[in-house]
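Trainee: I would like to take a close look at one small part of a protein chain and then see how that part sits in the rest of the fold. Could you go through it slowly with me?

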Amino acid sequence: MSKLHLVLGGRVSDPQTLDFCELDKMDLVGVYQDYATAEDVWRGCAQRTVDDAEMKYVVVHLHKLLEPTLETDETES
């Protein structure tokens with residue numbers, strides 16, 4: 001199974017949480033098959049919105065949701 005990673009972002013109610021608001025306006029950036037690529041994309045999105053404290057981008061480890069017992073690579077925290 002590929003180790004799939006989803007990059008997404010959106011407005012949060014509190015910058016210290018992952019409580020996303022306006023789910024219909026979420027930015028679903030894309031799905032990537034390795035963490036390094038997903039991290040590069042995430043970093044670009046986060047840097048574009050660095051001045052907006054209510055915007056947050058994250059990398060979701062889809063493979064962990066689909067196959068929770070799959071061994072984790074140490075580069076994926």
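Trainee: Not counting residues up to four places away in sequence, which residues does Thr 49 touch?

Mentor: Leaving out residues up to four places away in sequence, Thr 49 touches Met 55 and Tyr 57. Please keep in mind that what we are looking at is a predicted model. To place this residue, follow the chain to the loop between α1 and β3, which is where Thr 49 lies. The side chain of Thr 49 also reaches back to Cys 45, whose backbone oxygen is 3.2 Å away.

Let us now look at the two elements on either side of that loop, beginning with the helix. Helix α1 covers residues 35-48, and its 14 residues reach 20 Å from the first C-alpha to the last, which is close to the 20 Å expected at 1.5 Å a residue. At the start of α1, a side-chain oxygen of Asp 34 comes to within 3.3 Å of the backbone nitrogen of Ala 36.

On the other side of the loop is strand β3, made of residues 55-61, which pairs with β1 in the antiparallel sense over seven bridges. Tyr 57, one of the residues that Thr 49 touches, stands in β3 opposite Gly 9. Strand β1, residues 5-11, is mostly covered, since six of its seven residues are buried. β1 also pairs with strand β2, residues 27-32, again in the antiparallel sense, over five bridges, and here Leu 8 has Leu 28 in β2 as its bridge partner.

Leu 8 leads us to the interior, where the largest nonpolar core has six residues, namely Leu 6, Leu 8, Val 12, Phe 20, Met 26 and Val 58. In soluble globular proteins, nonpolar side chains tend to be buried together. Val 12, a member of that core, is in contact with Thr 17, Asp 19, Phe 20, Cys 21, Glu 54 and Lys 56, once its neighbours within four places in sequence are left aside.

Finally, we can step back to the whole protein chain, which has two helices and three strands and follows the pattern β-β-α-β-α when read along the sequence. Among its contacts with a separation of 6 or more, 64% are between residues 24 or more positions apart. Buried residues make up 25% of the 77 residues, while the accessible surface comes to about 5,300 Å², with 51% of that surface belonging to carbon and sulfur atoms.

How values were computed:
Residues are numbered from 1 along each chain as its sequence is written. This is a predicted model: local features need pLDDT of at least 70, side-chain atom pairs count only at pLDDT 80 or more; totals for chains, interfaces and linings use all residues. Side-chain values use heavy atoms; hydrogens and water are left out. Helices (H or I, at least four residues) and strands (E, at least two) are DSSP runs, numbered from the N terminus. Buried means under 20% relative accessible area, exposed over 50%, partly exposed in between (1.4 Å probe, protein chains only). Contact means heavy atoms within 4.5 Å. Accessible areas come from the Shrake-Rupley method with a 1.4 Å probe; for residues, only the protein chains shown count as cover. The expected span of a helix is 1.5 Å times one less than its number of residues. A polar contact is a pair of N or O atoms within 3.5 Å; within protein, one must be able to donate a hydrogen and the other to accept it, and residues adjacent in sequence count only if both atoms are side-chain atoms. Two strands pair if DSSP finds at least two bridges between them. A nonpolar core is a set of buried Ala, Val, Leu, Ile, Met, Phe, Trp, Tyr and Cys residues joined through side-chain atoms within 4.5 Å.
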